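Colleague: Before I rely on the wording of your description, I should like to ask how its terms are justified. Please show me the structure.

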Amino acid sequence: FISLYQMVDGVFVANFVGELALSALNIIYPVPSIILAVSIMLATGGSAIIAKNMGEQKYREARENFSFILLTGFLFGMLVMIFGILFLGETILLLGATPKLYSYCYQYLLILLLSAPLAVFQLLFQTFFVTAGKPHLGLAMTLIGGCVNIVFDYIFIAIFHLGVTGAAIATSMG
């Protein structure tokens, strides 16, 4: 469902903003994909380690590993945010933005970078809820986040005409 966030943004942007804006979203798509990939790596690897600790009844070690993985995720999210913002223009050009697409790319990617630490945490907790024996919380979190993205994409893009900025805000809220 999380992988659909950018696709949903694309549908709304294509229908309510235009082709250039949709092209911009596609150009910067590798950045959120990298955030997603590293977050999933941390979440799945971390949950396996924590589940092993819990299975061996090493609860203190499980808590320490959980804290360490959360800290690592937070630091990763902060580094992506900080370095992403510092090198935002260069990243956009490196990804192939033309002058016509640059401002759309900038508006969308800036907001996604600002919310990177939260995106990492969302993915970590979805997986950790399953490890903690509460898979319904992880699923609910995923579904609610996706629905928030869809609803606010419509509100921000179709009603308030916020364009790619609205799409990025809706994705960040999700």
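Modeller: The following exchange sets the terms against their definitions.

Modeller: This is a predicted model, in which local features need pLDDT of at least 70, side-chain atom pairs count only at pLDDT 80 or more, and totals for chains, interfaces and linings use all residues. Residues are numbered from 1 along each chain as its sequence is written, and side-chain values use heavy atoms, with hydrogens and water left out.

Colleague: Why is glutamine 6 called buried?

Modeller: Buried means under 20% relative accessible area, exposed over 50% and partly exposed in between (1.4 Å probe, protein chains only). Glutamine 6 has a relative accessible area of 14%, and is therefore buried.

Colleague: Which residues does glutamine 6 contact, beyond its neighbours within four places in sequence?

Modeller: They are Tyr29, Pro32, Tyr108, Leu112 and Thr171, where contact means heavy atoms within 4.5 Å.

Colleague: What makes asparagine 53 buried?

Modeller: Its relative accessible area is 4%, so asparagine 53 is classed as buried. Asparagine 53 lies in helix 3 (residues 30-55); helices (H or I, at least four residues) are DSSP runs numbered from the N terminus.

Colleague: Which residues of helix 2 (residues 19-28) are buried?

Modeller: These are Ala21, Ala24, Leu25, Ile27 and Ile28.

Colleague: How do you know that they are on the same side of helix 2?

Modeller: They cover an arc of only 160° around the axis, so they are on the same side of helix 2. The arc is that of the directions from the helix axis to the C-beta atoms. On the other side of helix 2, Glu19 and Asn26 are exposed.

Note on methods: Helices (H or I, at least four residues) and strands (E, at least two) are DSSP runs, numbered from the N terminus.
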